[in-house]
Structures are given as C-alpha cells and as structure tokens.
Amino acid sequence: METLLNSQKKRGGPVLFSRYKGGEGIHKAFEMGRENILFEVKTSGLKGRGGAGFPTATKWMLTAASVSDKKFIICNADEGEPGTFKDRVLLLEYPELVFEGMVIAGYTIGANQGIVYLRGEYEYMRKSLEDYLEMMRKENLLGKAIIGKTDFNFDIKIHLGSGAYVCGEETALIESLEGSRGEPRNRPPYPVNTGYKGHPTIVNNVETLASIPHIITKGGEWFRKYGTEKSTGSKLFSVSGDCEKPGVYELPWGTSIKELLEVVGAKDTKAVQIGGASGTCVPKSQFHRILAFEDAATGGSVIIFNENRDMLKVLKNFMEFFVEESCGQCTPCRIGNVKLLEGIEMIERGNYTFTYINNLKDLARTMQFSAKCGLGQSSLNPFLSILENFKDEIFNPCRNGGSNGKAS
Amino acid sequence: MLVLEKNAQSEVIEELVKNLGNNRSSLLEILQAIQKRYNFISDFAQQEVARLLNIHPVEVYSIISFYSFLYSKPRGRNIIRLCRTISCNMKAQKNIEEAVKKELGINFGETTKDRRITLEYTNCLGMCDVAPAMLDNERVYTRIDPETAVKILKEIK
Ligand SMILES: Cc1cc2nc3c(=O)[nH]c(=O)nc-3n(C[C@H](O)[C@H](O)[C@H](O)COP(=O)(O)O)c2cc1C
Ligand code: SF4
Ligand code: FES
C-alpha cells in the first residue's frame with residue numbers, strides 16, 4: 001500500500017521528458033510573437049494527444065481567427081479512459097509544462113482565462129496544482145501584465161469533475177463547466193467557434209499542452225525529428241496489465257508493439273489492448289504493427305494480457321464500463337451497449353446462436369455511425385476486435401465449466 | 001429536519017453560493033461543496049440552491065443524478081471507492097471486494113449503520129500501473145491487498 005503523491009521516479013525521454021527550465025517557454029513565446037508561435041506549432045506537426053489526433057495548429061488558428069471579446073483555453077484533465085494515467089504524471093511532476101502551454105496558447109489566440117477540468121478522482125492533486133499556480137502568480141508568469149507584457153493578462157483556475165467518463169468528450173466537458181449534465185452536443189458548431197459560454201474555446205489534452213513549451217523553446221523542426229512522417233514527436237504510453245514494469249513511458253511514435261513489450265518486460269503476451277476500452281485489441285500475430293496515428297492509433301493506453309487471461313472476461317469488463325458510462329442521450333449507445341453486454345453473457349453461458357451473434361455485430365457497426373459522440377462510436381471496438389481475433393478461444397464448447405483460463 | 005437545522009443549513013448554503021457565485025456555471029462547485037459538508041445533497045438543500053440560483057429544483061436534481069460522485073440520499077462520512085476496471089480486476093481486485101464486504105457486513109452501494117462508511121465501485125482511477133487502487137474520499141491508495149484494505153477501513157472507524 002502506498003500513496004502516490006510524491007512518486008520518486010526519475011524520468012527521461014527524448015521530447016516531453018527532456019530538459020526544461022520553468023518560465024523559458026513563456027519568455028521565448030513573447031519574443032517570437034503570435035504568428036511565429038503558430039508557425040512553429042504547425043511545423044512541429046503536433047496532433048492532439050487526447051485520442052482523436054486533430055492537428056493542434058489548425059485548432060489554434062481557427063480559434064485565433066474567431067472574433068470575440070472573450071476566448072478560453074481549456075485543459076482536458078478528465079483522463080478517464082481505462083488504462084490511461086500519463087496525464088496524472090504530467091500534472092504531478094511536470095505542472096510547469098502544462099500550465100505554461102496554457103499561457104502560451106492564451107497569448108497566441110488572445111484569451112485571458114484558462115480552465116483545467118480535473119477529474120474528480122484526481123482531487124488529491126488539487127492542492128499541489130493550486131500551490132504551483134500560486135507560485136507562478138508570484139513570479140508573474142500568471143496574472144496581470146505577465147512578465148512585463150502590458151497587454152496580456154492571463155490566469156488559470158481549476159474545476160473539479162464529479163465522476164463521469166463522458167465529460168472527457170470536449171462538448172460534454174463544456175456542458176459540465178457551464179453547470180449542466182455532461183451530455184455531448186451536436187457538432188458543428190465546434191468549440192473553436194462556439195465553446196465555453198458561447199465563446200471561441202480551445203480544448204486540448206494535458207499532454208498536447210505540455211508539448212508546447214518544448215516546441216517553442218527547441219523548435220518545430222526539432223520536434224518532428226522524432227516519430228514518423230504522419231505522427232511527429234513522441235508519445236507517453238500508460239502501460240499496465242501483465243508485465244514486469246508497468247508505468248509511463250515516453251517513446252517515439254512508430255515504435256512497434258513488439259518493441260514496447262520488450263521495454264516493459266512483458267512475457268507470454270497473448271494480446272494488447274491499444275487505446276483503452278474504446279480502442280482495439282491486437283493479437284500476437286500483429287505485434288509487428290507500429291504505434292502511430294496511421295497504424296495502431298492510441299491516446300496512450302496499453303493494457304497487456306498474457307496467455308492465461310480469458311479474453312471474453314476482458315471484453316465483458318469493457319462492455320460493463322460502457323453500459324455504466326453512457327450518458328444515455330442517444331438510443332444506439334444507451335440500448336446498443338446493453339445488447340452487446342447481454343450477448344457476451346449469452347456466450348459466457350454457452351447459450352447463443354451464431355445468427356444472433358452476427359446480428360449483434362451488425363448492431364455494433366450501426367452504432368459506429370449512428371451514435372452521437374465518440375463514446376458510442378467506439379465502444380464497439382473491443383467487441384468486434386476481441387470476438388474476431390479470439391474466436392477460437394471464445395466460441396469453444398469446452399469453455400463452459402471447462403479448463404479455460406481466467407481474467408482474474 | 002428541525003426548523004433550527006433548516007435555518008442553519010440555509011445559512012451555510014447562502015454563504016457557499018455567495019462565495020462561489022450565484023450563476024449557473026458555479027452549480028457543480030456549489031453541489032460539490034454541499035456534498036462535502038453534509039455527505040449528501042438533501043431535498044431541502046436542492047431547493048435552497050434552486051432558489052438562490054433562480055432555477056427549477058428539478059434542474060438541480062438532474063445534475064445530481066447525472067454525476068456519480070453526487071448523491072441525493074445520505075451517504076457515509078467516508079466513501080470507499082474500489083476500482084473494478086480491467087487493470088485492477090486482473091490484479092485480484094475480487095479478493096479485496098470480498099474482504100471489505102465481510103469486514104463491514106455490507107454490500108457495495110450500502111452504508112454502515114453508524115453512517116461512517118459507504119462502499120462503492122468505481123471505474124478506472126488512473127492508477128493502473130500500481131493496481132489495484134481504491135479511494136477513501138479523495139485519498140488514493142494503491143497496490144492494496146485484502147489485508148491492507150481492511151486496515152484502511154479500521155483506521156477510519
Ligand atoms: C467519451 C470520450 C471521452 C474522452 N475523454 C478524454 C479525456 O479524458 N481527455 C482528453 O484529453 N480527451 C478526451 N476525449 C477527446 C476530447 O473530446 C477531445 O478530442 C480532446 O480533449 C482534444 O484535445 P487534443 O486535440 O489535445 O487531443 C474524449 C472523447 C470522448 C468521445
Ligand atoms: S453516444 Fe453514448 S455517450 Fe455519446 S451522446 Fe450518445 S448516449 Fe451519450
Ligand atoms: S483500472 Fe483500476 S486504476 Fe485503472
């Protein structure tokens with residue numbers, strides 16, 4: 001038993017965990033000016049680290065171009081995807097990167113207010129974050145006329161969530177900030193035009209914002225030296241499950257699954273869930289695939305299963321998660337996930353027909369394009385990928401009461 | 001509730017709303033603060049918030065029912081939330097579940113008679129690398145086993 005408030009791990013990595021001196025990024029950004037900041041971010045090729053991979057420079061330019069008396073920078077720290085905990089490490093150990101990223105974003109698009117939407121489960125880190133913000137205010141890295149820039153005021157406040165995974169979806173997050181139920185909105189309009197309280201708003205993931213000070217101080221060209229053509233820079237991977245060294249790893253995009261498994265000391269691996277519950281399950285035969293937006297895309301969650309795990313139980317755990325976390329606003333997701341879970345329970349009992357299972361697969365494919373938000377559009381990913389990749393194990397008449405392995 | 005209690009609670013809520021701002025976007029923060037103080041948000045408290053924010057009480061209730069950390073029914077002073085998502089599940093989380101249920105004599109979703117402890121399940125706490133994980137109100141415990149989990153409960157009592 002331990003509390004993790006002061007994890008002592010010393011980390012190193014090529015990009016995010018490379019050397020950085022607090023305050024450097026803001027100084028440099030002010031010297032460069034808005035146009036050049038946007039240029040460097042564009043050159044870096046940085047794409048959103050929250051899962052969707054939207055080009056950050058495009059998001060910033062759209063928000064910069066929107067005309068309004070007020071604009072907002074929101075840091076999405078709702079980190080709720082099963083198997084993801086990299087933002088926890090950034091917030092606890094590298095708050096300077098995250099907060100300075102927000103200040104630079106604010107300066108670039110002309111916003112005066114930043115909001116960190118911190119998941120309720122992370123309340124224990126609120127104090128250390130508030131303390132850090134206070135220190136930045138003392139050093140005039142936040143507040144009025146930041147380091148002498150008379151025309152730029154910017155401050156950051158922390159808003160606590162209350163235990164709802166769907167609030168990580170950017171429009172649900174904005175609803176929640178406005179004091180409503182965290183139900184995703186129809187898009188368009190996008191937050192870049194109509195965001196928090198109707199004003200142009202940037203919503204960026206913690207890791208995306210934390211990349212900014214490095215890009216500003218070291219340059220977009222330096223950043224894109226790492227990774228692949230389409231996925232530049234490096235990525236933080238949250239590795240858990242069956243391996244010797246679970247934890248947060250910084251690896252360049254383009255690293256193969258096989259290489260990652262070696263780094264973390266995984267043995268007898270049967271499958272890897274890439275991208276959390278809403279990602280896909282990759283079987284051993286595909287471990288040569290690379291982690292990148294163009295191949296095995298991920299917001300960073302990597303969950304490892306060894307030969308002893310029962311993949312149907314794994315799938316059931318994922319579907320229970322979605323049934324619970326669906327906001328219930330639209331039918332494909334509210335009912336669809338329940339039906340998929342029922343199907344899994346039928347297979348568990350050995351009480352199914354293939355005709356029915358195939359109907360469920362059709363239902364899953366329908367959810368993909370009829371659900372309103374990313375939750376219902378991706379909750380079927382583990383269902384389809386696990387049933388397909390592990391059909392020999394799952395549709396095995398001996399599994400019932402037989403010697404088939406266990407998930408726990 | 002006694003009239004005296006009601007008056008006292010009204011005062012507390014008025015003060016909270018004054019500090020956090022009587023606008024809609026403060027609603028979640030106001031409810032979180034009430035929850036912290038009273039361990040749940042009573043019908044009366046909901047009405048008070050609605051009155052002060054000039055919205056319908058149903059609006060307030062609809063928010064409480066949406067967020068899993070807000071409650072409209074009494075909860076224990078300490079809410080124990082055990083993660084049951086996959087990475088914790090793979091690290092023998094079931095054994096912890098059994099141990100704490102036996103120790104407290106209640107099921108998940110229930111509160112001890114003395115109103116000290118409520119047991120709840122929760123989804124991934126972002127501690128999967130040090131699974132299994134558990135929250136005691138906002139405190140996080142990691143790499144727990146049945147024995148340490150029970151020890152944490154004992155210290156609460
Ligand atoms: C159900 C759901 C949950 C999400 N949860 C998160 C989250 O916890 N953190 C996050 O950064 N993005 C999350 N996203 C993605 C956000 O909607 C959004 O794309 C992201 O915050 C944009 O930031 P980025 O461009 O920096 O990645 C979630 C999306 C969906 C559909
Ligand atoms: S897909 Fe699911 S989570 Fe998203 S809006 Fe529909 S019901 Fe809500
Ligand atoms: S699965 Fe339990 S903390 Fe992530």
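**Strand 6 of chain A and its partner**

I began with strand 6 of chain A, residues 247–252, in this predicted model, and I asked how many of its residues are buried. I found that 5 of the 6 are buried, so the strand is largely enclosed by the rest of the structure. In these entries I take buried to mean under 20% relative accessible area, exposed to mean over 50%, and partly exposed to mean in between, with a 1.4 Å probe and protein chains only. Helices (H or I, at least four residues) and strands (E, at least two) are DSSP runs that I number from the N terminus.

I then looked up how strand 6 of chain A is paired, and noted that 6 bridges join it to strand 5 of chain A, residues 234–241, with the two running antiparallel. Two strands count as paired here if DSSP finds at least two bridges between them. The connection between strand 5 and strand 6 of chain A is a hairpin through 5 residues, and within this pair I saw F237(A) standing opposite Y249(A) of strand 6.

On conventions, I record that residues are numbered from 1 along each chain as its sequence is written, and that chains are lettered from A and ligands numbered from 1 in the order in which they are written. Since the model is predicted, local features need pLDDT of at least 70 and side-chain atom pairs count only at pLDDT 80 or more, while totals for chains, interfaces and linings use all residues, and side-chain values use heavy atoms, with hydrogens and water left out.

**Strand 9 of chain A**

I followed strand 5 of chain A to another partner, strand 9 of chain A, to which it is joined by 4 bridges in a parallel arrangement; here S240(A) has I303(A) as its bridge partner. Strand 9 of chain A also pairs with strand 7 of chain A, residues 269–274, through 5 bridges, and these two run antiparallel, with V272(A) bridged to I304(A).

Which residues of strand 9 of chain A point one way, and which the other? I noted S301(A), I303(A) and F305(A) on one side and V302(A), I304(A) and N306(A) on the other, and all are buried. This agrees with the count for strand 9, residues 301–306, where 6 of its 6 residues are buried. In a regular strand the side chains alternate between the two faces of the sheet.

**Backbone entries**

I next looked for cis peptide bonds and positive phi values. The bond from R187(A) to P188(A) is cis with omega near -5°, and the bond from P188(A) to P189(A) is also cis, with omega near 0°. I placed P188(A) in the loop between helix 7 (170–177) and strand 4 (201–205) of chain A, and P189(A) in the loop between helix 7 and strand 4 of chain A as well.

For I147(A), phi is near 30°, a positive value in a residue other than glycine; this residue lies in the loop between helix 6 (126–138) and strand 3 (155–160) of chain A and is partly exposed at a relative accessible area of 27%. In chain B, R143(B) has a positive phi of about 45° although it is not a glycine. I found R143(B) in the loop between strand 4 (139–141) and helix 7 (146–156) of chain B, partly exposed at 43% relative accessible area. Most residues other than glycine have a negative phi, and most peptide bonds are trans.

**Chain B as a whole**

I counted 7 helices and 4 strands in chain B, running α-α-α-α-β-α-α-β-β-β-α from the N terminus on. Of the 157 residues of chain B, 56% count as buried, and its C-alpha trace spans about 50 × 30 × 25 Å along its principal axes. The domain assignment, which is automatic or taken from a database, gives domain 1 (3–66) and domain 2 (78–156), whose C-alpha centres lie 29 Å apart.

I also looked up E98(B), which sits in helix 6 (residues 93–104) of chain B and is partly exposed at 38% relative accessible area. E98(B) and P146(B) are 48 residues apart in sequence and 8.2 Å apart in space, C-alpha to C-alpha.

**Ligand 2**

Last, I asked which residues come nearest to ligand 2. Of the 13 residues around it (each with a heavy atom within 4 Å), the nearest are C327(A), Q329(A), C330(A), C333(A) and C373(A).
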